[in-house]
Amino acid sequence: MKKLLILLIFIVLLAPVASATKNVTYITSSATASQCSDLTGDDKWFCERLEDEIGYDVTLVHENQVRDGTSIWKTPASKSDLIFFGVISQAMIDGSKTDSTKFCSNVTAYTGSGKAKVFGTFLSIYNDTSSGKQLTGCALGILGLSSSYSNNICSNSGYSGFKKNKTGYPTDSLGSSPVLLSPKRTVYVHGTAGQGVGWVSVVCNTPPTGALAGEYSVVNNTSTGAFWGLTDTASFTSSTKNFFDRMVWYILDDTTWAMSGKTIPASPTINESMILVSKITLRGSPVSSGTVNYTIDQNGGVTGNLAYNSASTWWEKYNVKLPYAVTSKYNITGYSGSTLMGHTNNDFDVGNLTVTINSGDYMTNSTYTINATVSGIASSAMNYKIWNKTSYTTISTGAVDSCSGATCTRIVNTNNFDEDTLILEVTVQNGTLSGGSYKLISTTGASSLDIQTDDDEYRPGDTIDVDVYTTGVANTMKLSVIDPLGSELLENSSMTQSSTDDTHWYKSYTLGEGVENGTYEIEVYSNGDSPIIESEEVDVIAWIIAPSLDKSVYSSGDTVEISVTTTKVHTDLNFTIKINLTDPDDDVTIVEDGFLFPGEIPDASSNGTFSTDYNLSNTAIGGEYSVNIYINDSYDREFEETLEFTVGSTSLLQVTPSSWEVSTTEGGYFTKEFTVKNIGNETLENFTIYESGDLGAYLDTSEDNISSISEGASKKFNGFMTLNTGGTKAGTITIENSKTKYVINVTGTYLANATKPNEIFVAPSTMSVVLPINKKLEKSFALTTISTDGVKNIAPSITGDIFGIVLIKSAPSNITIAESGTMVIETNTQAKEIGTYTGSIEIASSAGTAKINSITIDIIPDLSVEARARKVELEDLQQNITKLKSRRKNVTEIESLYNTTNILLDEAATRYEEADYDTSKIKYELALSNINSIETKINTLETAQEPAADYSGIIWIVAILVVVIIAGIMIYKNKDKIKQFLQDKGSHRKKDQPKEERKEYYEPVGEQGGYRTDYY
């Protein structure tokens, strides 16, 4: 029993370790090598690649051990997933009559049954002899391939090969016919994506007519093994080594992702953004799930993850930056779960020349000017590529060869350009210096617009001449003129294209005499359905009027001088100027619609300053006064401006400070100390102090008793204000008694976004969903704005670990204030692990930033399956409950909980099947909690002590038995002594008996008879 327990523990511990890593037996001719680092050249490269980069356990075996069939070879080979031929001796490759058969048969013994698969780095020779068709070289010999001409020799059609019947397609990323170099023949890899068929073949110099000597490279066969390689390892190029990687994975895992990768630009600049993309296919179809990592492996490495783009079916990472300028190498590695499935790498240069792309967007069916500048040097080796952003194929490529100093240009035809976003790549090479940049460009009517007017300032009645110049030829051009009130005086009026310059458009617009004063917007739309909208501002001035006060702070009894200065009066205009003046209480109008000037301003010669006075009374209220000035001219052009002044001291009071204003970007709790001084000649009694408005402020007068202030004395009090929501609050603090009054104006502004107020909003602002694996869900969000200009350049971005799960399916690029836009996101849980993922979506725009603050994706397993599994566990627990009942335990509470849990599991399964995942998860988690509770309660009852039993009677019985047993043992041990004792005792009794008559024979005495010992 003890041995069995130890064995079970050993099996449990060993099983996961044994399945964690693939085992490789590596055969080499190096007699001194015991580990990969002891090898040299390509032999070392292959071994370390297997061990370090692919991550297999490698055991080195010398070829002689294989040839001799020793246990040193047989033991690891019998456990191997792969037998790898490294650099072995030429004698082994040639296959001498003495050693070859034995060597190959020993390999075959451990591979022919399919225990291990074979991979090699050399080509075997097909040898057509008179005795039959025999493959020399055990890597091919073990495959069991047909020896007929149709499978094994070159045909008259030019090639033949060994078919690959596995369903994997490892050669996809190499193209239709990539060349693998061989010292004697040209070896091609062939295949048809989607059919699961591929083969390696040899191009024959001439069709065979007799004996054949051809070199073959076999990918794999249906069962017993696989081989691929070159005649010698020195023939390996970087392309063949990449193919080696994919083939080893394929052989060990029976499947692989075919991967390719590229950087845009091909030669990026240090610390400048580049794009890293990878195409991954499995059996010819795009791989859309898993984990794809990249490493750029110089100077410690730059690492990260690629995200799958369902629209392009490429894995992407934008804005990758490298902090060093060297020749670098990227590695892209793909995983499905924890299994390594694919890999690709490439070398590229990281330069220190910064390339700035000056070009804008492009126009289809026309021409596009590529314009770029390289930092620091004059360039004559600048090249461009224009990529389709969806397929990552090149649409146009060539040199940017018209250079002036450091800036080069190139005009390309856009007839074959997509009406979509493209990627423009520009690279530069100057000797050993290099660099590159990319830019996203989109379809537009013209690549850019330059609006020019004949003047910056106009008068009513003037004509505005508008000229527009484009960098591309626009199909249409329309002009709008918008006045300061937002009215379109000219709306989308077609402009005229120049007959001599198709990039020049023009139009004139004449202003009316009664147009508004102010700044006008000249707006141009180009190319109809795909417009660029550009605008320019000009000023239209009928007159300028500037009101002013002689000072900002007064005392009661002072004279307030109000002035109006007029300049740039356009023509003879009649003006009406009125004034309203209100005191700090706001509801008391001191002057209402009063004429500031008698008569009118008759003509332009009247430019100058006009003024009027207002005398403050000796009992004027202290605080802030408003002066509202209204001006109309004969064209009903209106002008209004508000001026403010403060009465800082009355005849009786002086308050410091006279107002309180708070502006903060942090929010919080604020306080202010005020001093009230009696500047009259008597004691002021019965003061009241109070606040009003929406400040939520309060007053503290505990420092001084402000209800009474003697002549010349000062009293203090404190005001408090809390600002915790964005916006501006206003109110007043009033100090008064029957003889005087002072009003302190108070404002508090909390700038929740101090840099730019948000004018774009998203609803809802949170999202929480529960989804099973391999489930998609779409959700819409409404985008609105309060910006009078609308919103442009809407750009959503996803952050957090929801990246790769949540995708932006659609979003508007622009919205106006009169409409709302809809952004649609897709949640795709395909191949994601069970768990909770969180993040947010930030939506940047020309009108600020909106944010979906909290997104939670809870990925759950199939709860209908899980619920059924838990019901089985419940049935097991029922047996425990039954046993407890048989022991007369109180299981009423447990049975009630058991029944409730059964119902919860049924509901969880039903709701899951009805796609009500939220409710299903809640029910299932409640059921799990109940199961734990049931187990705890069962355990408590099972381990509870039984009532103590009365064993006193049993104890006495046991005690007596113990005494009897001890007595029996003592009698047995002393039986001889007891016997002697009894004999001695009998002899003593005989002497007391009377003499009997002696008889000549013996007669038994008594009924039982017996012998009497005293007669003998």
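Here are a few worked exercises on the predicted model shown above.

**Exercise 1. Work out how far the coordinates of the chain can be trusted, and where to be careful.**

Step 1: start with the overall score. The protein chain averages a pLDDT of 74, and 70% of the residues score at least 70.

Step 2: look at the weak stretches. Residues 1–20 have a pLDDT below 50, and beyond near neighbours in sequence this stretch has 0 contacts in the model. Residues 996–1002 are also below 50, but here the model shows 6 contacts beyond near neighbours in sequence.

Step 3: draw the moral. Where pLDDT is low, don't read the predicted coordinates in detail.

**Exercise 2. Decide how helices α10 and α11 are oriented relative to each other, and list what makes the contact.**

Step 1: get the geometry. Helix α10 covers residues 863–886 and helix α11 covers residues 892–913; they pack at an angle of about 170°, with their axes 9 Å apart.

Step 2: apply the cut-off. Angles over 145 degrees count as roughly antiparallel, so α10 and α11 are roughly antiparallel to each other.

Step 3: list the residues. From α10 come L863, S864, A867, R868, R870, K871, L874, E875, Q878, I881 and K885. From α11 come I894, E895, Y898, T901, N902, L905, D906, A909, Y912 and E913.

Step 4: sort them by class. The contact has 9 nonpolar, 4 polar and 8 charged residues.

**Exercise 3. Describe the second largest pocket: its volume, its lining and the strands that contribute.**

Step 1: take the volume, which comes out at about 680 Å³.

Step 2: find the centre. The lining has 29 residues, and the closest to the centre of this pocket are G290, W315, F803, G804 and K832.

Step 3: bring in the strands. At least two lining residues come from each of β15 (291–296), β17 (307–309), β18 (314–320), β19 (327–336) and β59 (821–828).

Step 4: split the lining by class, which gives 11 nonpolar, 12 polar and 6 charged residues.

**Exercise 4. Count the cavities of 30 Å³ or more and characterise the largest cavity.**

Step 1: do the count. The structure holds 1 such cavity.

Step 2: look at the largest cavity. About 30 Å³ of space lies inside, and the lining is made up of N618, T619, A620, T650, S651, L652, K739, T740 and K741.

Step 3: classify that lining. You get 2 nonpolar, 5 polar and 2 charged residues.

**Exercise 5. Track down the cis peptide bonds at P265 and P657 and the positive phi at N492, then place each in the fold.**

Step 1: recall the background. Most peptide bonds are trans, and most residues other than glycine have a negative phi.

Step 2: check omega. The I264–P265 bond is cis, with omega about 5°, and P265 sits in the loop between β12 (258–264) and β13 (274–282). The bond from T656 to P657 is cis too, with omega near -5°; P657 lies in the loop between β46 (653–656) and β47 (659–664).

Step 3: check phi. N492 has a phi near 45°, and this residue belongs to strand β33 (residues 488–494).

Terms used. Residues are numbered from 1 along each chain as its sequence is written. This is a predicted model: local features need pLDDT of at least 70, side-chain atom pairs count only at pLDDT 80 or more; totals for chains, interfaces and linings use all residues. Side-chain values use heavy atoms; hydrogens and water are left out. pLDDT is the predictor's confidence in each residue, from 0 to 100. Contact means heavy atoms within 4.5 Å. On a 1 Å grid over the protein atoms alone, a cavity is a set of points where a 1.4 Å probe fits but cannot get out, and a pocket is an open set with protein on both sides within 12 Å along at least five of seven lines; lining residues have an atom within 4 Å of a point. Grid points are joined across faces, edges and corners, and a volume is the space filled by probe spheres set on the points. Helices (H or I, at least four residues) and strands (E, at least two) are DSSP runs, numbered from the N terminus. Ala, Val, Leu, Ile, Met, Phe, Trp, Tyr, Cys and Pro count as nonpolar, Asp, Glu, Lys and Arg as charged, and the others, Gly among them, as polar. Axes are lines fitted to C-alpha atoms, for helices over the stretch in contact, and angles run from 0 to 180 degrees between N-to-C directions. Angles under 35 degrees count as roughly parallel, over 145 as roughly antiparallel, 65 to 115 as roughly perpendicular and the rest as oblique.
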